[in-house]
Amino acid sequence: MLERVLVRCATSYVSRMVPEVVFVLGAPGAGKGTQCAYISREFGFEHLSAGDLLREERQRPGSEYGEMIEAKIREGQIVPVEVTCSLLHRAMMRSGKNRFLIDGFPRNQDNLEGWTRAMSDKTKLLFVLFFECSQELCVDRCLERGAAGSGRSDDNLDSLRKRFDTYLKDTMPIIDHYQGCVRPLSLFYSDASADRVEEKSLVPRSLAHSAQTERDESCFFERATGVHLFIRGYHIKKT
Ligand SMILES: Nc1ncnc2c1ncn2[C@@H]1O[C@H](COP(=O)(O)OP(=O)(O)OP(=O)(O)O)[C@@H](O)[C@H]1O
Ligand SMILES: O=c1ccn([C@@H]2O[C@H](COP(=O)(O)O)[C@@H](O)[C@H]2O)c(=O)[nH]1
């Protein structure tokens, strides 16, 4: 009896120690980084942007991947998962935290399979957040960000066209994959002003169709209320 109790306690302790992960997906400029900053402030998640980690690695003197990363970013293509996954893993280890928002990953089938191989039994995927926003608005936001001095080599029309091609061809199937999983994917519209985001639950139907229909209804909640309520539904406490 005592042995069984001890095993149960140990199992529960170990499962609490497994790092918890939330994937955050959406088109370029949909507002993933903006919303992640809010969620990490409110709920104490460590925000890891795969794109930021790749840009840092590109800048690191002596990086063997620097040139390849720069070429992929400018062309809106996806860096091989071994590189991205090891950067994410290292950042997780260094943070000393146990709960992570992984922003802009997984972006294609290679990312999904690589993460599953290397990380799925070392982490627990809590849920997936998907921020929907019209392509026109996303492009405007990225161009404005470029004009305001982001210094990003892909905040220009030529790269944005390629980034959107990759998003539609490679990332949307990953979003569809999560929509079809037991694990919930939650959809938020971030077309409104930066501090307002509306949640819509996804039902299994065409994302493109649901996005358009729902957008037409538009009534926006207070400051990211949808995200807030959704995450609280997982019993994640406000920090
Ligand atoms: N709801 C919003 N209303 C107006 N501007 C916004 C909104 N959300 C984000 N922005 C602005 O749009 C730009 C892109 O936002 P953000 O960086 O959060 O998007 P992202 O999805 O992380 O982009 P990327 O994938 O290109 O890194 C930023 O300049 C940000 O300040
Ligand atoms: O998992 C990833 C994430 C990003 N990239 C490359 O970086 C750019 C910019 O990413 P943002 O999320 O918009 O910051 C993206 O277009 C890819 O080229 C990647 O390869 N893998």
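Is E57 buried or exposed? With a relative accessible area of 5%, E57 is buried; the views below come from a predicted model.

**View 1. E57 pairs with R90 across two helices.** The two side chains form a salt bridge, with 3.9 Å between the closest N and O atoms. E57 sits in helix α3 and R90 in helix α5 (residues 81-95), so this pair ties together parts that are 33 residues apart in sequence. On the R90 side, relative accessibility is 39%, which counts as partly exposed.

**View 2. D52 and R55 meet within helix α3.** Here the salt bridge runs 2.7 Å from N to O. The two residues are about one helical turn from each other because they are 3 residues apart in the helix (residues 50-59). D52 is partly exposed at 37%, while R55 is buried at 15%.

**View 3. R117 links up with E82.** The closest N and O atoms of this salt bridge are 3.7 Å apart. R117 belongs to helix α6 (residues 109-119) and E82 to helix α5, 35 residues away in sequence. R117 is exposed, at 57%, and E82 is partly exposed, at 49%.

**View 4. K32 is tucked in at the start of helix α2 (residues 32-43).** K32 has a relative accessibility of 9%, so it counts as buried. Its side chain reaches the backbone oxygen of G26 at 3.2 Å, and its contacts further along the sequence include D103, G104 and F131. An unreviewed UniProt entry annotates K32 as "binding site", along with other residues including R145 and D191. D191 lies in the loop between β5 (185-189) and β6 (198-201).

Technical notes: Residues numbered from 1 in each chain as written. Chains lettered and ligands numbered in written order. Predicted model: local features only at pLDDT ≥ 70, side-chain atom pairs only at ≥ 80, totals over all residues. Heavy atoms only, no water. UniProt positions renumbered as here; feature names shortened; annotations may be inferred. Helix = DSSP H or I, 4+ residues; strand = E, 2+ residues; numbered from the N terminus. Buried < 20%, exposed > 50% of the residue type's maximum accessible area, 1.4 Å probe, protein only. Contact = heavy atoms within 4.5 Å. Polar contact = N/O pair within 3.5 Å; in protein donor to acceptor, adjacent residues only side chain to side chain. Salt bridge = Lys/Arg side-chain N within 4 Å of Asp/Glu carboxyl O. Lists of a residue's contacts leave out its neighbours within four places in sequence.
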